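Student: Could we go through this one together? I would like to see how each label is earned.

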Amino acid sequence: MSDLDGTQMQIRRTDHALLAVRIGSQDFDDVTVRRAFPLEAANQYIGFYDTEGTELGILQDPGRLDAASAAALDEQLSLTYFLPKITGVTHIGEEFGVVYADVETTSGPRHIEIRGIRSSIRVLSRNRALVEDAEGNRYELSDFRRLPKITREILGL
Amino acid sequence: MLDLLEPISQDLEPHLRGAMHPGELLLALLSADLDLDGRFGENWLVLTDERIIVLHANHGTPRIEAWPLADVQRIHTRSYVGNGSLVIELPDGLHELLRFSQGSFFKFSAIPQVVEAAMLSPLARAGEDEDEGAIPHRRVEHCDTCGRALRVGSKVCPACIKKRETFWRLLSYVKPYKSVAIFGFCLTLTMTAIGMLPPQLNKHLIDDVIVPVVAARGVVEGPVVPPADHVVMLGWVVIGLLSIHFSRMLINGVRSYSLGWLGQRITYDLQTEIFSYLQLLSLSFYSRHSTGRIMTRVTSDTERMRGFITTGFQDMVIAILTLIGIGAMLFWMNWQLALLALIPTPIMLVVTLFYRRRIHWVFHTIWRRISALNSQLADTIPGVKVVKAFAQESREIATFDKRNTELRESRMVSVRMRSYFLPAIAFITSMGSVILWWFGGNRVLENTLTLGQLQAFIAYMVMFLNPVRELSRLSDELESAATTAERVFEILDTEPEVRDEPQAQDPGVIEGRVEFRNVSFTYDGFARILDRCSFVVEPGEMIGLVGPSGAGKSTLVNLISRFFDATDGEILIDGVPITALQQKKLRAQIGVVLQEPLLFQGSVAENISYGRPGAARTEIIAAARAANAHTFVMKLSDGYDSEVGERGGRLSGGERQRISIARALIGNPRILILDEATSSVDTQTEFEIQEALEHLVANRTTFAIAHRLSTLKNADRLFVLDKGRIVEEGTHADLLEIEAGVYRNLVNMQSELAKVRAL
């Protein structure tokens, strides 16, 4: 377990949609990636794991990867982590403690129900919030200060 | 610190001198407040360099007993419940010398040490040197005015607290916002003054506009055309009335907003001040006060104080001013009628005074009972698992019900008192109007008073009732706010028991040498939890602390963290007394891992970096790796951004413990304290934590407490504690050599237990 040097790594996605990684002179097939800070530093500190689940290391700065590797890693991460961003709220209402909202997300429009804003909405840094709907799906609300005042009041933000 | 030589009364002094041989040196003189038969009495222990003398001073001429020190084989104190005794062993057996109540126990517990010293060295003169002869004791502070004992750590005497001072102190919170307060006050004043105009306008309306026309017209059937000039005058009066009501509405709106703003600022200041002060108070404060009570003071008590400071106080001043204003108006209009109308006022004042005295204690009771209810909530809600596990829900409900009933009953006392008092006050004051109707009505009939004047007079009389009623309501509020404020100020006046001396120095980066010199400690002034412990631990050494429960292990490490100050003796860090170092700077270099790791709500990363906010993510990961936490953290879907839940409830015990180890490690502490760090986890987790701890202890002075002795296999030395004393010291192998040693016994017991477990 150690910190990985991006300049010493090559990453590519295989034909079977797996991730193959070369670290130095060692090759690893079917590598899993995990973000150490998926909410606060999603594009830094990426953990690489072999098929046994053993950590190959943490890549602090993927910016040091070559462009093709960076693109492959990016694609793999976006498949691993599904967290649509709410880009707009078209309608919102509250009834008996449940918030109903029609939202626009980076993955398309969605109707969500939020039960208990205290436990379902978590404020993150940089005026962002993590919203969990009644089904357990999560959405990122970026810069909630831009929302209309009434929407923010309903969401308790 | 108290000198071993207590002042003796002038009556007894000659007897004391008479009892001593020429040249005999007095080492200690202590009073004991019980006779040997357990009754209160006055007895004195006189310790000299030659003898132990006891002076029984109770009845007439004091009776004196003496034993040569040379005959004393052993001397010790015995603790009973609520009292203790001093016992000596002589060649002919044991003798009970003195008995004393619990409060005197601690001073007598130092006597065996002094006697031993005197027997060993005739030159030991405990009484000569202030430091040498000083003994620790629990200091009971008394009020300078009335002499009553004060609560521990409190300088406030509840009996002598001056209402006026409390009141002014309450108002001092307005000071930073005095311009807003004055503005709000002026608006209130203006509103009240404007409110006094309508009766004057009405008087003008009746006497100058309506009555002259009606009187001149006589009795006429059907509608008539009114005189034009009177219609104009009527219009002006109506416009006047409209303007008055409209301006009152505007002023009231601005006033409500500014006072509301002021109130919120004051609540904010008060709550922040109390919470910040609570953070400064020593741990002993928290062990004396229940969480629920402290929470009540920060939340609802401050809210009540805000209500009084902002609106209550202003309303009171306005009510008083209105009373004076209307009173003056009444006297100006007709002093004879005014006198008659005010007849009930003295009665009302007496009733109010009586009511206020009584309601004060009712509020005290209500406040205590609310706190008791909150205490139970603070206990049972976090402990709900225990309640359910023991199926004690109904018992908890019954306890809550009992306390809630008590609260309801005491609130009902206040409801009952109010329901007598408020109507009675209303009745007494309305008597003024009744009197006015009779005498005023007669004057109108006699034509010595106009109808308009009577109407205005009665209108003012009705207005007079409002501030009177308001004042009776506000007297409740004043009492309630004063009681609440006393409680809140008591916290703010509590001095932290562990304080930085003004000249306390920054320790810099410490090496981690820890020395105890004859350190004793007591929580209650009665039992010595640590008893004259002395040792030196070199930087980087790992010390294992073992011993039965209650031996003083946790107390010892608490003293190193300076959660408490030693009652006696001295603790040195790198050769500097711990009391001469800045607490914060020292604690920042001490890492603590407790048996029950308490995590705060927030993410894993926030918890790890708790002791060093702003730590780089690389450092957080490094600390987690060293604590064997990284692997499990990376398996969580949000990694280091995962929420740990309230008190870390979303993680297992072992995971919480590893996070707490990472938290201790991130500050790169020079001294590490592991207080039963692995005792509440399973063997596999213990192995992992143990592995993590090995990273942790390297190059740091470590004190590790463990019941499982295997945990301490890497310790350089072990200190075995028993009844507050270090009874054995050495390596694991050294201690096993000691025949019938405490450590050897513990090891044997654990081996037996391991065999049983293996079966």
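Student: How do you know that chain B is not a compact globule?
Tutor: This is a predicted model, and its radius of gyration can be set against a rule. A compact globule of 759 residues would come near 27 Å, but chain B has 38 Å. Along the principal axes, the C-alpha atoms of chain B fill a box of roughly 130 × 85 × 55 Å. Of its 759 residues, 46% count as buried.

Student: What makes B:F521 and B:F564 an aromatic pair, and why is the pair called tilted?
Tutor: Ring centres have to lie within 6.5 Å, and here they are 5.6 Å apart. The planes stand at 50°; under 30 degrees would be stacked and over 60 edge-to-face, so the rest is tilted. A search of the whole structure finds twelve aromatic pairs over all chains.

Student: Which parts of chain B does the pair of B:F521 and B:F564 tie together?
Tutor: B:F521 lies in strand 8, whereas B:F564 is in the loop between helix 16 and strand 11, so the pair ties together parts 43 residues apart in sequence.

Student: Why do B:F521 and B:F564 count as buried or exposed?
Tutor: Buried means under 20% relative accessible area. B:F521 has 4%, so it is buried, and B:F564, at 13%, counts as buried too.

Student: Why is the pair of B:F600 and B:Y610 given its label?
Tutor: Its centres are 5.0 Å apart and its planes stand at 35°. That angle is neither under 30 degrees nor over 60, so the pair is tilted. B:F600 sits in the loop between strand 13 and helix 18, and B:Y610 in the loop between helix 18 and helix 19, so parts ten residues apart in sequence are tied together. B:F600 is partly exposed, at 38% relative accessible area.

Student: What makes B:F516, B:F535, B:F703 and B:F719 a cluster?
Tutor: Ring pairs link these four residues.

Student: How do you know that A:R34 lies over the face of A:Y49?
Tutor: The limit is 6 Å from the ring centre, within 35 degrees of the ring normal; A:R34 is at 4.0 Å. In chain B, the charged end of B:R169 sits over the ring of B:F489, 4.0 Å from its centre.

Student: What makes B:L321 fit into a nonpolar surface patch?
Tutor: A patch residue needs over 30% relative accessible area, and B:L321 has 38%, which is partly exposed. B:L321 joins B:L189, B:I320 and B:I324 in a patch of about 330 Å². B:L321 is in helix 10, which gives the most to this patch, with three residues.

Key:
Residues numbered from 1 in each chain as written. Chains lettered and ligands numbered in written order. Predicted model: local features only at pLDDT ≥ 70, side-chain atom pairs only at ≥ 80, totals over all residues. Heavy atoms only, no water. Patch = residues over 30% accessible without salt bridge, like charges linked within 9 Å, V, L, I, M, F, W, Y side chains within 5 Å. Areas by Shrake-Rupley, 256 points an atom, 1.4 Å probe, with all protein chains shown as cover. Salt bridge = Lys/Arg side-chain N within 4 Å of Asp/Glu carboxyl O. Helix = DSSP H or I, 4+ residues; strand = E, 2+ residues; numbered from the N terminus. Buried < 20%, exposed > 50% of the residue type's maximum accessible area, 1.4 Å probe, protein only. Phe/Tyr/Trp six-rings, centres within 6.5 Å; stacked < 30°, edge-to-face > 60°. Rg over C-alpha atoms; globule rule 2.2 N^0.38 Å.
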